[in-house]
Amino acid sequence: MSGRQTVVITHHLAEGALYVQVPRELDVGNRAAAALEIEVLVHAHRPGRVVVRLPSRHPSPMTFSALARVHRMCRSLGIPLTTTGPDGESPPWPPGVALPDRPHHLEHGARHDH
């Protein structure tokens with residue numbers, strides 16, 4: 001194995017927003033790292049909003065779990081979080097529907113196969 005690190009997320013800041021891309025579905029080995037990277041970026045830059053582009057229209061349980069963690073953190077800071085699908089326009093759930101306010105709904109399925 002080489003010493004190369006795999007990119008878990010990419011990001012950029014523009015017009016007061018933090019844009020994060022999750023280039024591929026997360027797994028048990030990198031979901032916590034992805035969530036932590038996003039949390040560090042939010043705390044460092046205090047953006048007005050966070051936009052997360054997911055790798056598919058139907059995120060894997062591990063990707064959704066990381067997103068739930070980030071959502072809870074953003075909500076606690078009063079920072080709006082939105083998501084997009086891989087095409088940049090289609091959210092992975094119905095348009096206009098925010099992530100649920102009850103984290104246990106988000107965690108269902110993320111822990112389903114454990």
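Visitor: What pattern does the protein follow when read along the sequence?

Guide: Happy to walk you through it, keeping in mind that this is a predicted model. The protein holds three helices and four strands. Read along the sequence, they give the pattern β-β-α-β-α-β-α.

Visitor: In what order do the four strands form the open sheet?

Guide: The pairing in this sheet is mixed. β1 and β2 run antiparallel, joined by five bridges, while β2 and β3 pair in the parallel sense, also over five bridges. The order across the open sheet is β1-β2-β3-β4.

Visitor: Which strands stand at the edges, each with a single partner strand?

Guide: The sheet is open, with its strands in the order β1-β2-β3-β4. A strand with a single partner has one side left without a neighbour in the sheet, and that applies to β1 (10-14) and β4 (81-84).

Visitor: Which residue takes a positive phi in the hairpin of β1 and β2?

Guide: Good one to look up in the viewer! Within this antiparallel pair, Leu13 has Leu18 of β2 as its bridge partner. Two residues lie between the strands of the hairpin, and the one with a positive phi, near 50°, is Glu15.

Visitor: Which residue in β3 stands opposite Tyr19?

Guide: Start from β2, residues 17-21, and β3, residues 49-53, which pair in the parallel sense. Opposite Tyr19, in β3, you will find Val51.

Visitor: At about what angle to β2 does helix α1 run?

Guide: Helix α1 covers residues 31-45 and lies across β1, β2 and β3. For comparison, helix α2 (residues 61-77) touches β3 and β4, and its direction makes about 150° with that of β4. For α1 against β2, the angle is about 165°.

Visitor: Why are the buried residues of α1 on the same side of the helix?

Guide: Those buried residues are Ala34, Ala35, Ile38, Glu39, Leu41 and Val42. Their cover includes β1, β2, β3 and α2, whereas Val40 and Ala44, on the other side of α1, are exposed. The buried set is on the same side of α1 because it covers an arc of only 160° around the axis.

Visitor: How far does α1 reach from its first C-alpha to its last?

Guide: The helix has 15 residues, and at 1.5 Å a residue the expected reach is 21 Å. Just after α1, Arg46 takes a positive phi of about 45°. From first C-alpha to last, α1 comes close to the expected value, at 21 Å.

Key
Residues numbered from 1 in each chain as written. Predicted model: local features only at pLDDT ≥ 70, side-chain atom pairs only at ≥ 80, totals over all residues. Heavy atoms only, no water. Pairing = 2+ DSSP bridges. Contact = heavy atoms within 4.5 Å. Axes fitted to C-alpha atoms, helices over the stretch in contact; angles between N-to-C directions. Expected span 1.5 Å × (residues − 1). Buried < 20%, exposed > 50% of the residue type's maximum accessible area, 1.4 Å probe, protein only. Arc of directions from axis to C-beta.
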